[in-house]
Amino acid sequence: MSTEEVPPEIWRRAEIRDALAVRDIGAVYRALREHGIPQSRIAQLTGQAQSEVSDVLNGRAVRSYELLSRIADGLGIPRGWMGMAADEHPRDDETADAADEPDEQQKRRSFLSYAGDVVFGDGARSGGPAWRCGAEPRHRNLLDELALPDRAPRRIGSSDIRALDELIVALRRIDHRYGGVGQYGTISATTRRAERMLRGLMCEQVRGELLAALCRLHATAGWTAVENGLLSTGQEHFGRALDYGRDGSDPLAIARTLYAAGRAELHFGHPNSALKLFQLGTIRAEGSALVGAVLQLNSAWAAAHCERRDSVRRLLEQGRALHATADRGADYEPFRWFGEADLLGMTGTVQLVLGEHEAAATHLARAVAARGPGEVRSAVFELASLGEAKLALGDHGAGFRHGRRALLLAAGVRSARLRGRLAGLRGRCADLLGTGHPWRDCAAELATGIDGVMAPRALAR
């Protein structure tokens, strides 16, 4: 069998290009199987034993550069698509595909490829930030006008790192309660000041702690940018977080960065990319049941959007089982917020995407009941989903009651993600408009309120 017998349309599929970017060879092999190419043929092309191909199909990661090269050459895959050194003379179709690909899609695949390099240990180690996504726009507020000192502290110790971490925790707490709109300027200024600490004198242990803290800080900054709807800026911060995290002393900081980057992709319409980032994060989540649980559950959510029902069941079960074994009080601090209410809410959200409205309503109602007074954003999202599920079940009274409550609380939430999280409820209302349904007036009232909340808000530049 020659490479010409591999259907070329396989390599043009978005999910396969995303899989190649993170070197998910199992997904590539499954696509070949779907096109009628047996394991024995794949083994012949790639120079592997058939048992090795079977292991890859069953989830074994391919990390050897030499084997990746054989796979790329054997299947006729441009090496650049897997973040490897490109051929000296690229093929004409590779050049044409790159030229035709939208700029944002190229950036997305570039980020996926770089994330794979960092996770698998191939990230550049030049002593400085390696990721570049483009110039970071400046969004100004009062702190941007302050004259921050250019001179770094002469000596940096563990107490300086602890103080920086306390600041990161405070910023995360504000975001978790209210959302991140309006905060980006503050945290952007914080990242610039914190990076100046690298100029100070410190021992290697403290340097590792500082790099890990900078990873956590940039992940937080990236998420705050996403909350403001600044997706490219968020991706820039996530890439810089990976830069610092690769040499930092906190391996789970990379898992958290990939979780945040995956959520950004998922919330703004790119579930395939999100799934790949969550899978990469899971590889770096070893040793933390809580982090592993969160990533598996989010993988289930992304897989549901990708209509991979079999994977959804497995990932949901694995995530719930991991969460049951986690000791939240002793596990990784940045994920300790993920408690029983979050587990219920995530389960219900996944079931809603699958169309399992009865089960979704049950889990979402329990999640809302378990929310504390300081968890406004999560309550809004879950109430909106609960209202959507109830309307789908024909329980219009409960659906509109939950929807109105979500709308009332939404006034105190500052998040660009509101638009996406209210869209399903808005769609259910639209189904009743212009009909003779007895609840059409309630639907019109709620739809008008949602439209007001979803209207774009001006951001400070």
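**Salt bridges, aromatic pairs and pockets**

Asp55 and Arg60 join their side chains in a salt bridge, with an N to O distance of 3.9 Å. The model is predicted. Both partners of this bridge fall in the middle class of accessibility. Asp55 is partly exposed, at a relative accessible area of 36%. Arg60 is partly exposed as well, at 38%.

In total, the structure holds 19 salt bridges. Side chains of opposite charge can pair when their charged atoms come close. A further bridge connects Arg216 to Asp165, and the closest N and O atoms are 2.9 Å apart. This pair links distant parts of the chain. Arg216 belongs to helix 11 and Asp165 to helix 9, with the two positions 51 residues apart in sequence. Burial is uneven across the pair. Arg216 has a relative accessibility of 11% and therefore counts as buried, the limit being under 20%. Asp165, at 22%, counts as partly exposed.

Arg371 forms a salt bridge with Asp342, and here the closest N and O atoms are 3.0 Å apart. Arg371 sits in the loop between helix 18 (357-370) and helix 19, while Asp342 sits in helix 17, so the contact ties together parts that are 29 residues apart in sequence. Arg371 and Asp342 are both buried. The two residues also belong to a wider arrangement: Asp342, Arg371, Glu375 and Glu382 are linked in a network of salt bridges.

Aromatic contacts were examined next. A pair of aromatic rings is described by the distance of the centres and the angle of the planes. The count comes to 5 aromatic pairs. In one of them, Phe400 and Trp439, the ring centres are 5.8 Å apart and the planes meet at 25°, so the pair is stacked. The cut-off for stacking is an angle under 30 degrees. Phe400 lies in helix 20 (residues 396-410), and Trp439 lies in the loop between helix 21 (418-432) and helix 22 (440-454), so the pair ties together parts that are 39 residues apart in sequence. Phe400 is buried, with a relative accessible area of 0%. Trp439 is partly exposed, at 31%. Elsewhere, Tyr259, Phe278, Tyr332 and Phe335 form one aromatic cluster.

Pockets were then mapped. Rolling a probe the size of a water molecule over the atoms shows where empty space is left. The largest pocket has a volume of about 1,000 Å³. Its lining comprises 37 residues, and Asp24, Arg30, Lys276, Gln279 and Arg314 lie nearest the centre. Two or more lining residues come from each of helix 1 (14-21), helix 2 (25-34), helix 4 (50-57), helix 14 (271-283), helix 15 (289-305) and helix 16 (309-325). Helix 14 gives the most, with 7 residues. By class, the lining of the largest pocket divides into 16 nonpolar, 10 polar and 11 charged residues.

The second largest pocket holds about 720 Å³ of space. It is lined by 31 residues, of which Asp175, His176, Tyr259, Trp337 and Arg377 lie nearest its centre. Helix 9 (158-178), helix 11 (204-227), helix 13 (251-267), helix 17 (340-354) and helix 19 (376-392) each give two or more residues to this lining. Helix 9 gives the most, with 5 residues. The lining of the second largest pocket has 12 nonpolar, 6 polar and 13 charged residues. Tyr259 recurs here: the residue is among those nearest the centre of the second largest pocket, and Tyr259 is also part of the aromatic cluster.

Technical notes. Residues are numbered from 1 along each chain as its sequence is written. This is a predicted model: local features need pLDDT of at least 70, side-chain atom pairs count only at pLDDT 80 or more; totals for chains, interfaces and linings use all residues. Side-chain values use heavy atoms; hydrogens and water are left out. On a 1 Å grid over the protein atoms alone, a cavity is a set of points where a 1.4 Å probe fits but cannot get out, and a pocket is an open set with protein on both sides within 12 Å along at least five of seven lines; lining residues have an atom within 4 Å of a point. Grid points are joined across faces, edges and corners, and a volume is the space filled by probe spheres set on the points. Helices (H or I, at least four residues) and strands (E, at least two) are DSSP runs, numbered from the N terminus. Ala, Val, Leu, Ile, Met, Phe, Trp, Tyr, Cys and Pro count as nonpolar, Asp, Glu, Lys and Arg as charged, and the others, Gly among them, as polar. Rings of Phe, Tyr and Trp (its six-membered ring) pair if their centres lie within 6.5 Å; planes under 30 degrees apart count as stacked, over 60 as edge-to-face and the rest as tilted. Buried means under 20% relative accessible area, exposed over 50%, partly exposed in between (1.4 Å probe, protein chains only). A salt bridge is a side-chain nitrogen of Lys or Arg within 4 Å of a carboxyl oxygen of Asp or Glu.
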